[in-house]
Amino acid sequence: MAFEPPQRLVRALGEAQRGGSDGTKGDDGSGKWLAELAGVVQHAVGLRELTVERVQAPGGRSSLVVLVRQADGTPAVLKLAPERARPESERAALAHWGGRGAVRLLPSGDAAGDVHGVLLLERLRPDLSVRSLPEAKALLEAAGTLRRLWVEPPAPRVHAFETVAERTGRQAEAMRAAADTDAEVVELVDAALAARDELVAGPPEERLLHGTFRQSKVLAGERVPWLAVGPDPVIGECAFDLARLVRDRVEDLIASPSGASITRRRVKRLAESLEVDQERLRGWTLFRAVESGVRARRVGRRQDAELLLEFAGWL
């Protein structure tokens with residue numbers, strides 16, 4: 001098959017070499033994975049007797065999505081991701097959810113189903129996400145989908161998921177290093193790190209979380225109207241998962257003269273509707289916005305960084 005990876009994925013993997021979500025730099029294997037990707041796709045398609053329709057473009061920033069049909073004609077999705085995207089954690093989370101609130105993991109019918117970094121998934125509508133709905137409706141549908149994912153995690157012997165404390169601990173180290181060399185972010189980084197220290201101080205809540213949830217991660221389906229895709233699962237408190245949803249459509253919030261008050265109302269409304277503590281949601285929203293903003297500055301996405309850090313300043 002003729003194959004060229006989407007440029008969005010290529011650019012994102014290049015950013016990862018300059019400093020990923022945990023602040024590390026250097027070769028993480030993504031370059032080798034990208035160079036071998038065409039051959040891996042062909043091998044995976046052949047093993048599963050799939051017919052390729054097309055590569056989803058522009059696609060995501062951490063994986064390749066190929067729209068395929070199985071041998072019996074059933075539409076499906078073949079997803080391939082490098083090690084840094086933690087595809088085996090995604091596989092374990094999707095298996096645990098079993099299609100409840102999330103895209104369903106499909107059996108491949110042979111041992112190929114266990115190939116590292118290759119997932120066969122039910123086909124949703126890749127071009128129709130919750131983000132296409134009016135804002136109020138989108139938040140409602142997204143929040144309802146997220147609630148269904150918050151379940152007891154599987155036993156550690158089944159899969160040892162990363163915890164919120166572990167993930168944010170690595171991120172905090174990268175944020176401290178950035179603040180040492182970038183005076184413009186010092187005040188926000190200090191506030192975000194203080195919030196995190198307080199949030200992780202107590203006994204942790206243990207729920208299986210999506211980890212990277214936002215409106216664009218909720219796609220239209222056939223068996224239920226909306227299903228989540230693309231988790232980077234983590235174990236921890238629900239407020240952490242909800243925090244990323246607070247800043248959805250951040251560009252619209254920044255453009256609004258009442259963006260700050262809209263943001264505060266959104267925190268309150270989401271906290272009440274999903275029964276999480278409002279102050280803990282505000283704290284995690286602050287930490288995650290600053291972390292994303294600092295990371296965007298580190299890899300050269302200045303416009304994204306400015307939006308995120310201005311948003312964080314409202315919290």
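**Entry 1: a term, then a loop residue**

I start with a cut-off: a residue is buried when its relative accessible area is under 20%, and exposed when that area is over 50%. I note that the model in front of me is predicted.

I looked up Asp248 first. Is Asp248 buried or exposed? Its relative accessibility is 4%, so Asp248 counts as buried. I found Asp248 in the loop between α8 (238-246) and α9 (250-255). Then I asked which residues Asp248 is in contact with, leaving aside its neighbours within four places in sequence. My list reads Arg131, Arg214, Gln215, Leu253 and Arg266.

Arg249 sits in the loop between α8 and α9 as well. Arg249 is not a glycine, yet its phi is positive, about 60°. I checked its cover too: with a relative accessible area of 12%, Arg249 is buried.

**Entry 2: the whole protein**

I stepped back to the overall picture. The protein has 315 residues, and 50% of them count as buried. I counted its secondary structure as twelve helices and nine strands.

What radius of gyration does the protein have? I get 19 Å, and a compact globule with 315 residues would come near 20 Å, so the two agree. The C-alpha atoms fill a box of roughly 55 × 40 × 40 Å along the principal axes.

I also looked at contacts with a separation of 6 or more. Residues 24 or more positions apart account for 70% of them. For the surface, I note about 14,600 Å² exposed, with 51% of it supplied by carbon and sulfur atoms.

**Entry 3: helix α3**

Next I followed α3, residues 37-48. This helix has twelve residues. From first C-alpha to last it reaches 17 Å, close to the 16 Å expected at 1.5 Å a residue.

Which residues of α3 are buried? I wrote down Leu37, Val41, Ala44, Val45 and Arg48. They cover an arc of only 100° around the axis, which puts them on the same side of α3. A general point helps me here. An α-helix has 3.6 residues a turn, so residues three or four places apart point the same way.

I then asked what the buried residues of α3 pack against. The partners are α2 (30-35), β1 (51-55), β2 (64-69), β3 (75-80) and β4 (118-122).

I took one residue from that buried set for a closer look. Val41 is found in α3. Its relative accessible area is 0%, so Val41 is buried. Val41 and Leu64 are 23 residues apart in sequence, and their C-alpha atoms are 9.4 Å apart in space. After α3 comes Glu49, with a positive phi near 55°.

**Entry 4: helix α4**

I moved on to α4, residues 87-97. How many of its eleven residues are buried? Eight are, so α4 is largely enclosed by the rest of the structure. I list Pro87, Ser89, Glu90, Arg91, Ala92, Ala93, Leu94 and Trp97. The cover over these buried residues includes β3, β4, α5 (135-149) and β6 (207-209). Gly98 follows α4, and its phi is positive, near 60°.

**Entry 5: aromatic rings**

I searched for aromatic pairs and counted three. One of them joins Trp284 and Phe287. Its ring centres are 5.9 Å apart and its planes stand at 90°, so I logged it as edge-to-face, a class that takes planes over 60 degrees apart.

Where do these two residues lie? They are three residues apart in helix α11 (residues 278-298), so about one helical turn separates Trp284 from Phe287. I checked both for burial, and both Trp284 and Phe287 are buried. With Phe240 added, Trp284 and Phe287 form one aromatic cluster.

**Entry 6: backbone notes**

Two backbone details remain. The peptide bond from Ala57 to Pro58 is cis, with omega near 5°. I placed Pro58 in the loop between β1 and β2.

Glu275 has a positive phi near 55°, and it is not a glycine. I found Glu275 in the loop between α10 (259-273) and α11. Is Glu275 buried or exposed? Its relative accessible area is 67%, so Glu275 is exposed. Arg249, by contrast, went into my notes as buried, at 12%.

Conventions:
Residues are numbered from 1 along each chain as its sequence is written. This is a predicted model: local features need pLDDT of at least 70, side-chain atom pairs count only at pLDDT 80 or more; totals for chains, interfaces and linings use all residues. Side-chain values use heavy atoms; hydrogens and water are left out. Helices (H or I, at least four residues) and strands (E, at least two) are DSSP runs, numbered from the N terminus. The expected span of a helix is 1.5 Å times one less than its number of residues. Buried means under 20% relative accessible area, exposed over 50%, partly exposed in between (1.4 Å probe, protein chains only). The arc is that of the directions from the helix axis to the C-beta atoms. Contact means heavy atoms within 4.5 Å. The radius of gyration is taken over C-alpha atoms; the globule rule is 2.2 Å times the number of residues to the power 0.38. Accessible areas come from the Shrake-Rupley method with a 1.4 Å probe; for residues, only the protein chains shown count as cover. Rings of Phe, Tyr and Trp (its six-membered ring) pair if their centres lie within 6.5 Å; planes under 30 degrees apart count as stacked, over 60 as edge-to-face and the rest as tilted.
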